[in-house]
Amino acid sequence: MMRALYPGTFDPTHNGHIDIAQRAAAIFDELVIGVYDAPPKKLLFNTEERVALVRKALAHLQNCSVVSFQGLTVECARRIHAQIVVRGLRNVADFEFEYQIGLANRQMAPDIELCCLISSTDYIYLSSTIVKEVAGLDGDISAWVQPAIAEALRARMAQDRANKVDGLLSAPKTVSKTRGKLTHHG
Ligand code: ADP
C-alpha cells in the first residue's frame, strides 16, 4: 500500500492545491495532507482554520485525510508511515526550492521518495498570496478557490478591517513633538 504525504501551508487552499491533491490521490492508495503548524510565514488563518478549510475543499476525495504537523516534513512522513512526499511545481523557482530541500530530505531520510507533480496550466500562476492579495482588495477570486474558501476569506478580511478601525479608535493619543508650536493647545 502506497501512502503519500502532501505537505504545505495552505493559507488558504486554492484550486492549484486541489488539482495536485486530486492527481496525487489518483496515483497513491492514500493521500495525507500535512498542514504546517507554525510555518515561517505570516499567515491569515491559524492551523485549525487551515486544516478545516483543506478538509472542506477535499471532502470529495475518499482516500484523502488531513493532519497538522510541526517540525521536519520527513519526520511527519515517517510518523504517518508515508513512503512518498508530494509537492507541486509551478515554475523554476519552485523547482529550485524542491530540488534543494528534496536532496536534504533524501540525506535525512533515504527511505522516503519525493514526487513532484507539475501544475496544470490553468493554475500555474496561482498562489495563496495572490488569492489573499486580490481578496483583500475586494477582487473576484471565484475562479481560484471554492465558494466556502472565498466566504472564509471575505469574513476574515472584514474582521481584520473592523479590528483595524477598533485599534485606531482605541489607540492612545500620541503627544505630538510639535505641540505648542503648530497648534494652539500649547
Ligand atoms: P508551502 O509553504 O510549502 O509552499 P503552499 O501551501 O504554498 O505551501 O504550497 C503547498 C504545495 O502546493 C507546494 O508544493 C506548492 O508548490 C504547491 N502549489 C502551490 N500552488 C500551486 C499551484 N498553483 N499549482 C501547483 N502546485 C501548487
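For these notes I take two strands as paired if DSSP finds at least two bridges between them. I'm working from a predicted model throughout.

**Entry 1: strand pairing**

I started with S2 and strand S3 (residues 64-69), which pair in the parallel sense over 6 bridges. To fix the register I looked for a facing pair, and I found glycine 34 opposite valine 67 in S3.

Then I went to the other partner. Strand S1 (residues 3-8) pairs with S2, also in the parallel sense, over 6 bridges. Here alanine 4 stands opposite leucine 31 in S2. Between these two strands the chain runs from S1 through helix H1 (residues 15-27) to S2, and I noted this β-α-β crossover as right-handed.

**Entry 2: how enclosed is S2?**

How many of the residues of strand S2 are buried? I get 6 of the 7 in residues 30-36, so the strand is largely enclosed by the rest of the structure.

I picked isoleucine 33, which sits in strand S2, for a closer look. Is isoleucine 33 buried or exposed? My cut-off for buried is 20 or more other C-beta atoms within 10 Å. Isoleucine 33 counts as buried because it has 28 C-beta neighbours inside 10 Å.

Next I listed its contacts, skipping neighbours within four places in sequence: isoleucine 33 is in contact with Tyr6, Ala21, Val54, Leu58, Cys64 and Val66. I also took one distance here. Proline 7 is 26 residues from isoleucine 33 in sequence, yet their C-alpha atoms are 5.8 Å apart.

**Entry 3: alanine 57**

For a helix residue I chose alanine 57, in helix H2 (residues 47-57). It has 23 C-beta neighbours inside 10 Å, so alanine 57 counts as buried too. Leaving out residues up to four places away in sequence, I find alanine 57 touching Thr13, Ile18, Gln146 and Ile149.

I tried a distance from this residue as well. Alanine 57 and valine 92 are 35 residues apart in sequence, and C-alpha to C-alpha they are 27 Å apart in space.

**Entry 4: around the ligand**

Which residues come nearest to the ligand? Of the 16 around it, I noted Gly8, Gly16, Arg87, Gly88 and Ser119. Sorted by class, the shell has 8 polar, 5 nonpolar and 3 charged residues.

I then asked which elements supply the shell. H1 and strand S4 (84-89) each give at least two residues. The largest share, 3 residues, comes from H1, the helix I had already met on the way from S1 to S2.

**Entry 5: the whole chain**

Last, I stepped back to the protein chain as a whole. I count 6 helices and 5 strands, and along the sequence they follow the pattern β-α-β-α-β-α-β-α-β-α-α.

On overall dimensions, the radius of gyration is 21 Å, whereas a compact globule of 186 residues would have one near 16 Å. The C-alpha atoms fill a box of roughly 80 × 35 × 30 Å along the principal axes.

For burial over the whole chain, I get 28% of the 186 residues. I closed with contact range: among contacts with a separation of 6 or more, 75% are between residues 24 or more positions apart.

How values were computed
Residues are numbered from 1 along each chain as its sequence is written. This is a predicted model: local features need pLDDT of at least 70, side-chain atom pairs count only at pLDDT 80 or more; totals for chains, interfaces and linings use all residues. A residue is buried if 20 or more other C-beta atoms lie within 10 Å of its own, exposed if 12 or fewer, and partly exposed in between; C-beta atoms are placed from the backbone. Helices (H or I, at least four residues) and strands (E, at least two) are DSSP runs, numbered from the N terminus. A crossover is right-handed if, with the strands pointing away from the viewer, the path from the first strand over the helix to the second runs clockwise. A residue is near a molecule or strand if its C-beta atom, placed from the backbone, lies within 6 Å of it. Ala, Val, Leu, Ile, Met, Phe, Trp, Tyr, Cys and Pro count as nonpolar, Asp, Glu, Lys and Arg as charged, and the others, Gly among them, as polar. The radius of gyration is taken over C-alpha atoms; the globule rule is 2.2 Å times the number of residues to the power 0.38. Two residues are in contact if their C-beta atoms, placed from the backbone, lie within 7 Å.
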